Amino acid sequence: MTTLHEPVVTATPAELSVWPASTTEPRPGALTVGGVPLAEVADRFGTPVYVLDENEVRERCRTYRHAFPDAEVLYAAKAFLCRAMVHWTGEEGLGLDVCSAGELELAVTTGFPPERIVLHGNAKSPHDLETALRLGVGRIVIDSPSEIARLAAAVGPDGHQKVMVRVVPGISAGGHEKIRTGTDDQKFGLSIADGYAQHAIARILDQPQLELTGLHCHLGSQITSVKPYLAAVRRLVGLMARLHEQHGLILPELDLGGGHGIAYRPGEQALDLTALARRVRTELSDACAAAGLPVPRLVIEPGRAIVGPAGIAVYRVLAVKRTGEHTFVAVDGGMSDNPRPALYGVRYAPRVIGRASAAPTAPVTVVGRHCEAGDVLAADVELPSDLRPGDLLAVPVAGAYHLSMASGYNLVGRPPVTAVRDGHARLLVRRESLEDIRRRDVGL
């Protein structure tokens, strides 16, 4: 119980800067998103549970359409996909960028127009390509020379398929070495520097059933500076100029991918979308003018920047353990529903929700329930020193690459996804049950 001498701490605007815009705290500890108390969502749907603010997703889609009015904006489905996300992004005028037959099938069977979908991936299976052709996908991004003959054969002599070529511009950008994809020393794309991109393009032009519409590149993820994108524009326009010289080719599209960085904790830098749009537009116009080329239509592929800040993960504390100078707070989820800290060392800013606390904060490490020492969700974060089993912890910026990368480790089952809007919460994806797991296990 608090007294007049123990002021209850509430969230400051700065602390809520990485939460959805609808986040409020009507009373201390009672954090509300989309008009729904997060503690109420936890009680109703259990924990762990993901909460998506539908209006936040939609508003971020609109922000991209406003910043890039003349570009084609594709939502990168790998960040997170479910039928509701397909529906929301489609209604807001975005296309889709998918990288598997599974993502493609889910989108099309939900009603998304296949001509507004782009399929990419560094190792597309025959099933991926067959599904794309069967469903009539808009464009396929060729990532390796072997895909050219395979795709041409699958299309057939009387068929037609629009394609792009993913090129590697030789630019290092991204928040971690494991998510930098614009350099020549990784698995994606065809290098400009060693001529592989030019050679592949020449081979595509020899296949009349394949229509090359443009160049594609993706520099990496969590990029917070505009400069790498400007460098990519210059290098790709340089390649377009050489292709025009050699083949008389004028490409109508230029895809700069995504990777737009967001803040996971208050005070962290995010990519300035307005500056990106303005400077890329100018750079592209100037580079094309210098090369004597018409300006191609720009394509961009934001994923994390649309869904990441719209999501919250809610956990329940199972144990508080003090070992030497360290305090570990164990929750009922972990690396099976968020592998990013283990993979990339990502840092989050969790908060206690559902009750007020007047206790001073102390550094703790929030850990998961799995049998791995690396199962750490948030290291050395400040939380109330009276934290106890049964408390709820909410982790903001949990919409991207959490559930989409979730695993079946320890057979705990993947969490459900809920949506909140205008004071109502509804289930989008149900919790994976033991029965689901048993049904897949068909041998003895």
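How many cavities of 30 Å³ or more does the structure hold? In this predicted model, the structure holds three cavities of that volume or above. The two for which details are available are described below, after an account of the confidence of the prediction, and are followed by a pocket and by several individual residues.

The mean pLDDT of the protein is 92, and 94% of its residues reach 70 or more. Over residues 1-5, however, the pLDDT is below 50, and this stretch has three contacts in the model beyond near neighbours in sequence. A second stretch, residues 178-183, also has a pLDDT that stays under 50, and for these residues the model has 30 contacts beyond four places in sequence. Where pLDDT is low, the predicted coordinates should not be read in detail.

The largest cavity contains about 60 Å³ of space, and its lining is made up of Y50, V51, L52, F80, G311, A398, G399, H402, L403 and V417. Strand β3, which spans residues 49-53, gives the most to this lining, with three residues. When the lining of the largest cavity is sorted by class, seven residues are nonpolar and three are polar, while no charged residue takes part. In the second largest cavity there is about 40 Å³ of space, and the residues that line this cavity are F68, Y229, L256, H260, L276, V280, L298 and I300. The elements that give two or more residues to the lining of the second largest cavity are helix α9 (273-291) and strand β12 (297-300). By class, the lining of the second largest cavity consists of seven nonpolar residues and one polar residue, again with no charged residue.

Among the pockets, the second largest has a volume of about 490 Å³. Its lining comprises 25 residues, of which E15, P350, R351, E382 and L383 are the closest to the centre of the pocket. Strands β15 (351-353) and β17 (376-384) each supply at least two residues of the lining of this pocket, and the greatest contribution comes from β17, with five residues. The lining of the second largest pocket includes charged residues, seven in number, alongside 14 nonpolar and four polar residues.

Attention may next be given to H216, which is placed in strand β10, a run covering residues 210-216. With a relative accessible area of 1%, H216 is buried, because this value lies under the 20% that bounds the buried class. Apart from its neighbours within four places in sequence, H216 is in contact with V141, M164, V165, R166, V167, D255 and E301. With one of these residues, E301, the contact involves the side chains, since a polar contact of 3.0 Å joins the side chain of H216 to that of E301. R116, which is 100 residues away from H216 in sequence, is 16 Å from H216 in space, from C-alpha to C-alpha.

The backbone also has several features that merit description. Most residues other than glycine have a negative phi, and most peptide bonds are trans. The peptide bond from T47 to P48, by contrast, is cis, with omega near -10 degrees, and P48 is placed in the loop between helix α1 (38-45) and strand β3. A positive phi, near 60 degrees, is found at Y401, a residue other than glycine, and Y401 is located in the loop between β18 (392-396) and β19 (417-421). Y401 counts as buried, at 12% relative accessibility. D422, which likewise is not a glycine, has a positive phi of about 50 degrees and lies in the loop between β19 and β20 (424-429). Unlike Y401, which is buried, D422 is exposed, with a relative accessible area of 55%.

Finally, A154 is found in helix α6, which comprises residues 145-155. At 42% relative accessibility, A154 counts as partly exposed, because this value falls between the 20% and 50% cut-offs for buried and exposed residues. A154 and P126 are 28 residues apart along the chain, and their C-alpha atoms are separated by 8.8 Å.

Conventions:
Residues numbered from 1 in each chain as written. Predicted model: local features only at pLDDT ≥ 70, side-chain atom pairs only at ≥ 80, totals over all residues. Heavy atoms only, no water. 1 Å grid on protein atoms, 1.4 Å probe; cavity = no way out; pocket = protein on both sides within 12 Å on 5 of 7 lines; lining within 4 Å. Points joined across faces, edges and corners; volume = space filled by probe spheres on them. Helix = DSSP H or I, 4+ residues; strand = E, 2+ residues; numbered from the N terminus. Nonpolar A, V, L, I, M, F, W, Y, C, P; charged D, E, K, R; others polar. Buried < 20%, exposed > 50% of the residue type's maximum accessible area, 1.4 Å probe, protein only. Contact = heavy atoms within 4.5 Å. Polar contact = N/O pair within 3.5 Å; in protein donor to acceptor, adjacent residues only side chain to side chain. pLDDT = per-residue confidence, 0-100.
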